[in-house]
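Hi everyone, thanks for making time. I'd like to walk you through one protein model, so please bring it up on your screens.

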Amino acid sequence: MRKPIHIRPLTEDEQHILQEGLRSSNAFVLRRCQILRASARGETARVIGEALGCDDQTVRNALHTFNTQGLAALTRRSSAPQRTPHAAFDAPHRE
């Protein structure tokens, strides 16, 4: 069984921003705000996922991102690996 994950206590500013996010036309922001507010109420990842129709791992990922990055969790980022592919030739051998 997995250890329950919750977000840290929200500041008043964060609560206000998450409340505003519930009116966002951006589906990603809306869903993240719903997840974070539900977690702040003490709901578990499984309960949140079931209520919102998403996987509980998606919920855990959102909570982890908020706990480590704060409100930056409301900004969608690429899920592609963040590394530069190796070049076939190094600089001196390209010519």
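Let's start with the whole chain: of the 95 residues of the protein, 29% count as buried, where buried means under 20% relative accessible area, exposed over 50% and partly exposed in between, using a 1.4 Å probe and protein chains only. Before going on, a word on the source: this is a predicted model, where local features need pLDDT of at least 70 and side-chain atom pairs count only at pLDDT 80 or more, while totals for chains, interfaces and linings use all residues. Residues are numbered from 1 along each chain as its sequence is written, and side-chain values use heavy atoms, with hydrogens and water left out.

The protein has four helices and zero strands; these are DSSP runs numbered from the N terminus, with helices being H or I of at least four residues and strands E of at least two.

Now to helix H4, residues 56–69. How far apart are its end C-alpha atoms? They are 20 Å apart, which agrees with the 20 Å expected for 14 residues at 1.5 Å a residue; the expected span is 1.5 Å times one less than the number of residues. At the start of H4, a side-chain oxygen of Asp 55 comes to within 2.9 Å of the backbone nitrogen of Gln 57. Just after the helix, Gly 70 has a positive phi of about 70°.

Which residues of H4 are buried? They are Asp 56, Val 59, Arg 60, Ala 62, Leu 63, Thr 65 and Phe 66. Their cover includes helix H1 (12–21), helix H2 (27–40) and helix H3 (45–52).

Let's look at H2 against H4. The two pack at an angle of about 80°, with axes 10 Å apart; axes are lines fitted to C-alpha atoms, for helices over the stretch in contact, and angles run from 0 to 180 degrees between N-to-C directions. That makes H2 roughly perpendicular to H4, a label for angles of 65 to 115 degrees. On the H2 side, Arg 32, Ile 35, Leu 36 and Ser 39 meet Val 59, Ala 62, Leu 63, Thr 65 and Phe 66 of H4, contact being heavy atoms within 4.5 Å.

Finally, Glu 14 sits in helix H1. Is this residue buried or exposed? Glu 14 counts as buried, because its relative accessibility is 8%. Leaving aside neighbours within four places in sequence, Glu 14 is in contact with Arg 8, Pro 9, Phe 66 and Leu 71. Its side chain also makes a polar contact with the side chain of Arg 8, at 2.7 Å. Thanks for listening!

Notes
Polar contact = N/O pair within 3.5 Å; in protein donor to acceptor, adjacent residues only side chain to side chain. Parallel < 35°, antiparallel > 145°, perpendicular 65-115°, else oblique.
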